[in-house]
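Biologist: I would like a close look at one part of this protein, the place where the ligand sits. Please describe what surrounds the ligand, and then go over the helices you can say something about.

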Amino acid sequence: MSIKILGTGSYLPENRVTNDDLAKLVETSDEWIASRTGIRERRIASFETTTYMAAKAGKRALKQADVCPDEIDMILVATLSGDHATPNTACQVQEIIGADKAVCMDLSAACSGFIFALNTANVYIESGLAKTVLVIGAESLSKLVDWKDRGTCVLFGDGAGAAVVTKGTGIYETVMGSNGSKGAVLTCGERKLSNLLVDTKQELEQIKMDGQEVFRFAVRTVPSCIRELLKKAGLCCEEIRYYLLHQANLRIIQSVAKRMKEPEEKFPVNVDLCGNTSSASIPILLDEWNRKGNLSQGDKIVLCGFGGGLTWGAILLEWESNK
Ligand code: ACO
């Protein structure tokens, strides 16, 4: 059993912020940021909320899929930066796009969120509980970033990406994992007990990260996760057309390519222009690659996310052209 991607869409905020712009805010430089991360600019929301971007990306995916909103029976939004604790982002997207028959929920797995959400869609479709699912990754991390911390504020960007999926006929395989004991490596927004029994001062919800530990985790885990995936699918690297990795950092992507002895050309990159958009990065890249016409019938592609939790996951799917 597998799923087929009927259409993709994405949305990036209008406002571009370059490394030079950030150098006016914190002590940094274009040279430092570009050489260590590959990032040159990112989009930062000025009026766009997470919901707004998610709905825009979702609408574009529906349009490309030629699917009406009332044909959608589930909306899954992967996000760690929803606008409200409740209603969830998916319900708010439902209202905007008019997908009245959809069941709507958010899923939180940081930068692995889109992979986990796509797998969730696959399981619902496989069980017969859903037929057509709108899967979205959307983030406005700019509201969670400590804009005084040069070690993190230069890394992230805002945006959303989406895919409309239904039952497919091609290969579909997945590997997922989590390691909660390493959760402290990358955290955001501790919600402390605060009630009539406990009076705790709430701290600001901001991203804190041990960058080197995250780097080590990524370059070890991603290749082994993909190798396990290929083994499960009975395929070798040469049979994979593209690896669409979470766009955290160019050096991580290059290091994964090197460790897997695969050419860098098989690893599309847009971190240079988008920064790290967490759960949105894979669907934004997928939409770009799809709209550029780089994906053909039968192409075997690997999507791989990794990040806070710690969490990681990869999906191998065979591209089924809609035409
Ligand atoms: N500009 C200039 N100097 C900086 C900046 C900056 N933006 N940020 C940190 N520095 C300084 C530090 O203060 C430090 O100075 P010091 O030596 O005087 O103390 C020096 O640069 C080295 O700092 P490190 O943190 O050791 O820098 P490192 O070489 O490890 O690079 C980086 C930091 C780019 C974050 C790297 O660790 C990395 O790529 N980690 C991966 C983490 C990642 O991509 N996270 C994204 C979120 S998680 C995810 O998506 C999976």
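Modeller: What follows deals with the ligand site and then with two helices. The model is predicted, and the distances below should be read with that in mind.

The shell around the ligand consists of 22 residues. Thr28, Gln212, His246, Asn249 and Asn276 are the closest of them. Sorted by class, the shell holds 10 nonpolar, 9 polar and 3 charged residues.

Several elements of secondary structure contribute to this shell. Helix H2 (30-37), helix H6 (150-153), helix H7 (211-233) and strand S12 (300-307) each provide at least two of its residues. The largest share comes from H7, which gives 4 residues.

Three contacts involve nitrogen atoms of the ligand. Thr28 places a polar side-chain atom 2.6 Å from a ligand nitrogen. For Trp32, the distance between an N or O atom of the side chain and a nitrogen atom of the ligand is 3.4 Å. Arg150 takes part through its backbone: one of its backbone N or O atoms lies 2.9 Å from a nitrogen atom of the ligand. As for cover, the ligand on its own has 1,000 Å² of accessible area, and the protein covers 72% of this.

Next, helix H4, which spans residues 89-97. At its start, a side-chain oxygen of Asn88 comes to within 3.3 Å of the backbone nitrogen of Ala90. Within H4, the buried residues are Thr89, Ala90, Gln92, Val93, Gln94 and Ile97. In an α-helix there are 3.6 residues a turn, so residues three or four places apart point the same way. The buried residues of H4 pack against one helix, H3 (50-65), and against the strands S4 (74-78), S5 (103-107) and S6 (133-140). After H4 comes Gly98, which has a positive phi, near 75 degrees.

The other helix is H5 (residues 113-127), and the residue to look at there is Asn119. Asn119 counts as buried because its relative accessible area is 5%, and the cut-off for buried is under 20%. The side chain of Asn119 has a polar partner: it makes a polar contact of 2.7 Å with the side chain of Thr174. Leaving aside residues up to four places away in sequence, Asn119 touches Tyr172, Thr174, Met176 and Ile315. Thr174 thus appears both as a residue that Asn119 touches and as its polar partner.

Methods. Residues are numbered from 1 along each chain as its sequence is written. This is a predicted model: local features need pLDDT of at least 70, side-chain atom pairs count only at pLDDT 80 or more; totals for chains, interfaces and linings use all residues. Side-chain values use heavy atoms; hydrogens and water are left out. Buried means under 20% relative accessible area, exposed over 50%, partly exposed in between (1.4 Å probe, protein chains only). Contact means heavy atoms within 4.5 Å. A polar contact is a pair of N or O atoms within 3.5 Å; within protein, one must be able to donate a hydrogen and the other to accept it, and residues adjacent in sequence count only if both atoms are side-chain atoms. A residue is near a molecule or strand if one of its heavy atoms lies within 4 Å of it. Accessible areas come from the Shrake-Rupley method with a 1.4 Å probe; for residues, only the protein chains shown count as cover. Ala, Val, Leu, Ile, Met, Phe, Trp, Tyr, Cys and Pro count as nonpolar, Asp, Glu, Lys and Arg as charged, and the others, Gly among them, as polar.
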